[in-house]
Amino acid sequence: MRLLVTGAGGMLGQAVAEHGLRLGHEVFALARQQLDVLDGAAVEEALAQARPAAVVHCAAWTDVDGAESDPQGARALNGDGAGNVARASARLGIHMVCVSTDYVFDGHGHRPYLEHDVPAPRTVYGSSKLDGERQVLEAQAGHTIARTSWLFGAGGRNFVDTMLALGAEREEVSVVSDQVGCPTWTGHLAPALVELAERRWGGIHHVAGAGWCSWHELAVEVFDQAAMSCRVLPISSEAAARPAPRPPYSVLGSERSDTPRLAHWTEGVRGHLRQRGAADGAAREREGVR
């Protein structure tokens with residue numbers, strides 16, 4: 001299958017492109033330098049030239065706090081960028097998988113959010129992603145929206161790597177304990193996105209690591225698996241004082257039988273640490289260090 005990946009320079013885009021290649025697909029991995037999704041004409045030209053069977057749209061504004069100070073930029077990339085890819089794909093008969101987020105919900109629920117639940121974003125970031133969802137659905141081409149949450153993986157800034165860096169420098173860290181969600185490793189999510197593209201399962205899917213935890217519990221698990229002795233002190237969201245409010249409860253569940261199920265989030269942490277170890281070992285080997 002021919003597969004085109006937008007935002008292929010980012011953390012998730014890299015993982016999707018690499019998994020597609022492992023499966024033997026012909027992959028067109030386009031980073032922002034190769035394809036600006038804000039340029040509708042360029043998007044149509046790129047798709048027309050590549051003629052993929054499917055597009056996995058990973059290009060996105062992911063800076064949640066930064067979106068509060070630049071709402072126009074966030075809405076353009078997450079809303080209109082997704083719309084440009086959706087409309088061009090529809091015109092060319094290409095299936096699109098668009099990655100969205102748990103931040104489209106307000107986080108005041110008390111059970112896992114399902115695909116039919118009504119979104120109510122509290123942040124510019126969440127609103128911009130919801131606008132992208134709307135534009136994808138309005139293309140009326142049977143495209144796929146895959147909502148996920150709390151991403152971590154190789155090739156980009158993420159909470160797990162931040163904790164590992166802090167744990168190597170400090171004896172203790174303070175982490176929010178009153179926000180609960182589903183940590184999701186890109187190594188687990190990428191195969192699910194490629195499967196959705198292969199099978200052309202349209203509509204909204206919730207695809208996130210199984211189980212749930214708080215950021216505090218995630219940090220504890222990271223240090224435990226990494227055999228680091230850094231203590232993790234719980235603090236409140238109010239004490240953390242971030243520009244954009246985080247959903248206190250953003251656990252995603254699925255009511256669909258055709259939605260790929262991911263492994264437990266603790267297995268994601270294990271996989272990420274194993275991947276980091278392999279990468280570090282390869283780097284030492286190249287440098288002649290034993």
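**Exercise 1. Cysteines without partners**

Find out whether C230 is buried or exposed, and explain why its sulfur has no bond to the closest cysteine sulfur.

*Solution.*
Step 1. C230 has a relative accessible area of 7%, so it is buried (buried means under 20% relative accessible area, exposed over 50%, partly exposed in between, with a 1.4 Å probe and protein chains only).
Step 2. Before going on, keep in mind that this is a predicted model, in which local features need pLDDT of at least 70 and side-chain atom pairs count only at pLDDT 80 or more, while totals for chains, interfaces and linings use all residues. Residues are numbered from 1 along each chain as its sequence is written, and side-chain values use heavy atoms, with hydrogens and water left out.
Step 3. The closest cysteine sulfur to that of C230 belongs to C213 and is 17 Å away, which is too far for a bond.
Step 4. Now try C182: it is buried too, at 1% relative accessibility, and its sulfur lies 8.2 Å from the closest cysteine sulfur, again in C213, so a bond is ruled out by distance.
Step 5. Across the whole structure, the search for disulfides (pairs of cysteine sulfur atoms within 2.5 Å) comes back with zero.

**Exercise 2. The nonpolar core**

Work out which elements give two or more residues to the largest nonpolar core, and which of them gives the largest share.

*Solution.*
Step 1. A nonpolar core is a set of buried Ala, Val, Leu, Ile, Met, Phe, Trp, Tyr and Cys residues joined through side-chain atoms within 4.5 Å. The largest one here has 31 residues, and V37, V43, L47 and V136 have the most contacts inside it.
Step 2. The elements giving two or more residues are α2 (40-50), α3 (64-69), α4 (71-92), β4 (95-101) and α5 (124-138). Such labels follow DSSP runs numbered from the N terminus: helices are H or I with at least four residues, strands are E with at least two.
Step 3. Helix α4 gives the largest share, seven residues.
Step 4. Zoom in on V136: leaving aside neighbours within four places in sequence, V136 is in contact (heavy atoms within 4.5 Å) with A82, A86, M96, C98, H143 and I145.
Step 5. A separate core of 23 residues includes A17, A54, V99 and V207.

**Exercise 3. Reading the sheet**

Give the strand order of the six-stranded open sheet and explain why β2 and β10 each have one side without a neighbour.

*Solution.*
Step 1. The order is β2-β1-β3-β4-β5-β10, with parallel pairing (two strands pair if DSSP finds at least two bridges between them).
Step 2. β2 (26-30) and β10 (203-206) are the edge strands; each has a single partner strand, so one side of each lacks a neighbour in the sheet.
Step 3. On average, and with direction ignored, neighbouring strands are turned by 20° against each other. Axes are lines fitted to C-alpha atoms, for helices over the stretch in contact, and angles run from 0 to 180 degrees between N-to-C directions.
Step 4. At the β10 edge, four bridges join β10 to the parallel strand β5 (residues 144-148); in one of these strands, β10, H205 is the bridge partner of A146.
Step 5. Add the helices: α5 lies across β4, β5 and β10, at about 160° to β4, and α7 (residues 186-199) lies across β1 (2-6), β3 (54-57), β4, β5 and β10, at about 145° to β4.

**Exercise 4. Aromatic pairs**

Classify the ring pair of Y103 and Y125 and say why it gets that class.

*Solution.*
Step 1. Rings of Phe, Tyr and Trp (its six-membered ring) pair if their centres lie within 6.5 Å; planes under 30 degrees apart count as stacked, over 60 as edge-to-face and the rest as tilted. The structure holds four such pairs.
Step 2. The centres of Y103 and Y125 are 5.5 Å apart and their planes stand at 75°, so the pair is edge-to-face.
Step 3. Y103 sits in the loop between β4 and α5, and Y125 in helix α5, so the pair ties together parts 22 residues apart in sequence. Both Y103 and Y125 are buried.
Step 4. Compare F159 and W215, a tilted pair with 4.8 Å centre to centre and 50° between the planes. F159 is in helix α6 (residues 159-169) and W215 in helix α8, 56 residues apart.
Step 5. W150, F159 and W215 form one aromatic cluster.
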